[in-house]
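Colleague: I'm new to reading protein models, and I'd like to know how labels like "buried" or "contact" get decided. Can we go through one together?

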Amino acid sequence: MADYPRKPKVVSEFGQFLYKSQDEIRAVQNEKLRHQVQLLEKYSPYYSKLFQEKGITAADIRTVDDLEKIPLLYKKDYMADPMSFRLVIPADAPVQPHERILWGVHYTTGTTSGVPTPFFSMTHDYFGNLMQLARMDEVGGITADDTVANLFPLTPVPHIGFWKTVDYSIACAAKVCNALTGSGYPPFPIHRPLDYAVEMVVKNRATVLSGIVSFVRRVIMRAEELGKDFSSVRMCFVLGEACPKGMREDMRTRLKNIGAKDPFICSGLGFTEMQGTTLECSEGGGMHLSAPDLHFLEIVDEETGKRLPDGEKGLLTITHVDRRGTCFLRYVVGDITTLSHETCPHCGRNDVRVVMQPIRTMELIKVKGTLINPDILKTEITAIKGIEEYQIVFTKEDLKDPLSLDKLLIRVAAAAGFDQAEMQTNIKTATKRAVEMTPDVVFVDKYDIFDPTKTLKSTRVVDERPPVE
């Protein structure tokens with residue numbers, strides 16, 4: 001595997017900020033936070049009310065350490081009244097036009113109702129976001145010499161995956177070609193199929209494949225089936241779901257089979273509330289924030305809201321220290337992970353890094369009275385050779401009886417030429433090691449698990465157990 005990437009030969013002026021000392025970075029965060037809280041007190045409907053209720057003033061929040069005075073903010077609170085989190089700056093306020101002009105709206109998803117929630121950005125926010133993305137490019141080694149294949153779906157609502165791939169290409173002057181995959185819209189049939197995405201990579205000699213992990217992998221698999229030339233590809237920038245070591249090695253091996261040389265499989269944690277993503281400077285080296293002068297990350301104890309030290313697992317929260325549209329303090333992202341503020345041993349930057357593969361809190365599942373982290377099982381399964389697709393299914397011995405025993409089922413699509421009996425044994429052994437349960441293993445066609453013509457993201461974990469009343 002190539003040694004990707006270290007400090008770039010040329011670092012932008014704003015990129016140099018990430019090499020400042022921890023104390024210098026923290027001083028900038030504190031200064032910006034003080035101004036941000038003053039704006040929230042004046043112009044945020046939600047926070048002006050919250051401060052009054054809690055007896056807090058802007059003067060009480062002088063440093064990021066004072067954020068513990070602020071209660072945690074959960075997605076349900078934001079969803080209940082998203083407009084109350086948008087700054088309402090009057091026309092005669094002494095601010096730049098950039099701070100009140102609406103530049104764009106993105107939407108968060110993952111709600112139980114399926115109704116997306118708007119997240120507003122002003123011109124000020126977008127310009128800052130471009131700086132953030134330009135730094136991100138430097139961390140990941142993406143340059144003006146690259147051609148980025150945007151494999152994110154074109155969705156019904158503006159989502160950051162598709163649009164921020166365009167923006168991070170803009171930020172470093174890279175070329176970008178868009179596959180326009182996704183669910184079709186009959187009035188305007190502009191969406192393209194999987195094979196178009198493959199041909200787009202070939203014809204444009206794309207160097208970076210950017211998209212959701214499972215779809216990028218399926219594009220690579222399809223190119224391998226068709227014998228296409230992917231020798232131009234040097235990097236996969238994959239988001240949206242976990243990309244464990246076995247998945248990375250599978251993608252790398254397949255890419256090498258179609259001409260790529262030591263591709264860098266770069267993973268990150270992206271979410272709308274950050275308008276971008278963390279990403280790795282080297283595989284497994286931790287995911288850099290890139291913009292500590294825009295965002296402050298914390299790991300907190302869910303019960304107490306207290307900040308936890310580096311290395312301890314807890315809820316990831318984000319605080320905006322320099323935003324003018326939708327603004328949050330201590331917003332719970334929905335992931336359990338750990339942080340490190342130590343100087344990165346791989347590239348020398350001093351921005352905070354996410355150093356544990358995040359676990360979605362909604363994906364922790366209780367089985368037979370024990371809380372299970374399916375990500376551990378995913379890591380074990382992806383390390384087994386010959387698995388093209390898989391799905392973890394939590395079910396019941398009798399689905400008509402909610403009180404019957406829990407049952408674990410692994411659905412698998414095996415690659416041609418692999419012995420299914422041996423694979424079944426390996427899956428059972430790996431599952432027992434990961435979650436102390438022995439599963440039933442069922443072999444199916446890969447399109448029964450993930451059909452990229454119908455969805456752009458695989459569903460790796462399914463809980464079909466009926467609720468117990």
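Modeller: Sure, and let's start with a word we'll need all the time: a residue is called buried when its relative accessible area is under 20%, and exposed when that value is over 50%. Keep in mind that this is a predicted model. With that cut-off, buried residues make up 55% of the 469 residues in the chain.

Colleague: What makes the overall size of the chain agree with a compact globule?

Modeller: We set the radius of gyration against a rule of thumb. For 469 residues, a compact globule would come out near 23 Å, and the chain has 23 Å, so the two agree. If you'd like the extent too, the C-alpha trace spans about 70 × 55 × 50 Å along its principal axes.

Colleague: And what is that chain built from, in helices and strands?

Modeller: There are eleven helices and 23 strands. Contacts tell you something as well: among those between residues at least 6 apart in sequence, 67% join residues at least 24 apart.

Colleague: How much accessible surface does the chain have?

Modeller: About 20500 Å², and 53% of that belongs to carbon and sulfur atoms. As for charges, the chain carries 58 positive and 63 negative side chains, and the centres of the two sets lie 2 Å apart.

Colleague: How do you know that cysteine 172 has no bond to another cysteine sulfur?

Modeller: A disulfide needs two cysteine sulfur atoms within 2.5 Å. The closest cysteine sulfur to that of cysteine 172 is in cysteine 266, 13 Å away, so that is too far for a bond. Cysteine 172 is also buried, because its relative accessible area is 15%, and the cut-off is under 20%.

Colleague: What about cysteine 177, where is its closest cysteine sulfur?

Modeller: In cysteine 236, again 13 Å away and too far for a bond. Cysteine 177 counts as buried too, because its relative accessibility is 9%. The search of the whole structure finds zero disulfides.

Colleague: Let's try a residue in a helix. Why is asparagine 129 called buried?

Modeller: Its relative accessibility is 3%, so asparagine 129 counts as buried. You'll find asparagine 129 in helix H4, which covers residues 123–140. Leaving aside neighbours within four places in sequence, asparagine 129 is in contact with Lys164, Asp167, Met274, Gln275 and Leu294. "In contact" here means heavy atoms within 4.5 Å.

Colleague: And in a strand, why does glycine 314 count as buried?

Modeller: Glycine 314 has 9% relative accessibility, so the label is buried. This residue sits in strand E13. Once neighbours within four places are set aside, glycine 314 touches Ile299, Val300, Leu308, Asp335, Ile336 and Thr337. Its C-alpha is 32 Å from that of valine 166, with the two residues 148 apart along the chain.

Colleague: Is isoleucine 372 buried or exposed?

Modeller: Buried, because its relative accessible area is 8%. Isoleucine 372 belongs to strand E19, residues 370–372. From C-alpha to C-alpha, isoleucine 372 and valine 105 are 36 Å apart in space and 267 residues apart in sequence.

Colleague: Now for the loops. What makes the phi of alanine 173 worth pointing out?

Modeller: Phi is near 65 degrees there, a positive value in a residue other than glycine. Alanine 173 is in the loop between helix H5 (160–172) and strand E4 (175–178). Its relative accessibility is 54%, so alanine 173 counts as exposed.

Colleague: And for arginine 330, what is phi?

Modeller: Near 55 degrees, again positive in a residue other than glycine. Arginine 330 lies in the loop between strand E13 (314–320) and strand E14 (331–337). This arginine counts as buried, because its relative accessibility is 1%.

Colleague: One last check: why is glutamate 397 called exposed?

Modeller: The cut-off for exposed is over 50%. Glutamate 397 has a relative accessible area of 51%, so the exposed label applies. Its place is the loop between strand E20 (387–396) and strand E21 (406–414). Leaving aside neighbours within four places in sequence, glutamate 397 is in contact with Ser404, Leu405 and Lys407. The C-alpha atoms of glutamate 397 and leucine 308 are 41 Å apart, and the residues are 89 apart in sequence.

Methods: Residues numbered from 1 in each chain as written. Predicted model: local features only at pLDDT ≥ 70, side-chain atom pairs only at ≥ 80, totals over all residues. Heavy atoms only, no water. Helix = DSSP H or I, 4+ residues; strand = E, 2+ residues; numbered from the N terminus. Rg over C-alpha atoms; globule rule 2.2 N^0.38 Å. Buried < 20%, exposed > 50% of the residue type's maximum accessible area, 1.4 Å probe, protein only. Areas by Shrake-Rupley, 256 points an atom, 1.4 Å probe, with all protein chains shown as cover. Lys, Arg positive; Asp, Glu negative; His and termini not counted. Charge placed at Lys NZ, Arg CZ, Asp CG, Glu CD.
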